[in-house]
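I opened this entry to note what I looked up, beginning with one pair of helices and then turning to the core and the confidence scores.

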Amino acid sequence: QALRVRDLILHSRVASGLADGARGAAELEAMAQVQRDLIGAPPAPGLLEWLVADAAAADPTIGPPFERLLQELRQQSGLIDGQSRLIILDAALRVSCADGSIEAAEERQLRQIAAALGIHPGVLELEIHAFRQAQPIQAR
């Protein structure tokens, strides 16, 4: 189960990092920091860059990467505990917040991730609200 959760965290971070179309250093660093915080070790060198490039160049005949992620989250949500599901959502949220704001596309994806994991929408709403309240007024 730990490896399953780790992989879901990794793929959720990548999807969140791509949601606003940005593929820069800030997103990659946020993804790496989430891994350091949650797993206690940095990602393997080049892993995040490879995953981002792979997701961006995915074969459209097998469906968009984000849709495949949602399908996998739905399938796995009943096999992992509630705390693990919250950690997966938190990882995606942290990457979405990395640039100091949550764009509309990122928020839509976060809502879809929460739904796929069976997490009540109010939980995500509280987290997004707390993040936005912590931002300087001009960033809101």
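**Helix pair H6 and H7**

I began with the way two helices meet in this predicted model, and found that H6 passes H7 in a right-handed crossing. I then looked up which residues make the contact: H6 brings Glu107, Leu110, Arg111 and Ala114, while H7 brings Leu124, Glu125, Ile128 and Arg132. Sorted by character, the residues of this contact are four nonpolar and four charged, with no polar ones. For the geometry, I noted that H6 covers residues 104-116 and H7 covers residues 121-134, and that they pack at an angle of about 150 degrees with their axes 10 Å apart.

**The nonpolar core**

Next I asked which residues touch the most other members of the largest nonpolar core. That core has 36 residues, and the ones in question are Leu73, Ile88, Leu89 and Ile113. I checked where the members come from, and each of H1, H2, H3, H4, H5, H6 and H7 supplies at least two residues. The largest share is that of H1 (2-18), which gives seven residues.

I followed Ile113 further and, leaving aside residues up to four places away in sequence, I listed its contacts as Ser16, Phe66, Leu70, Leu73, Leu89 and Ala92.

**Confidence**

Last, I looked up how confident the prediction is: the protein averages a pLDDT of 83, and 87% of the residues score at least 70. Confidence is highest in H7, at a mean of 94, and lowest in H1, at 76, so I read the H1 entries above with that value beside them.

Note on methods. Residues numbered from 1 in each chain as written. Predicted model: local features only at pLDDT ≥ 70, side-chain atom pairs only at ≥ 80, totals over all residues. Heavy atoms only, no water. Axes fitted to C-alpha atoms, helices over the stretch in contact; angles between N-to-C directions. Helix = DSSP H or I, 4+ residues; strand = E, 2+ residues; numbered from the N terminus. Left-handed = near helix turned anticlockwise from the far one by under 90°. Contact = heavy atoms within 4.5 Å. Nonpolar A, V, L, I, M, F, W, Y, C, P; charged D, E, K, R; others polar. Core = buried A, V, L, I, M, F, W, Y, C linked by side-chain atoms within 4.5 Å. Buried < 20%, exposed > 50% of the residue type's maximum accessible area, 1.4 Å probe, protein only. pLDDT = per-residue confidence, 0-100.
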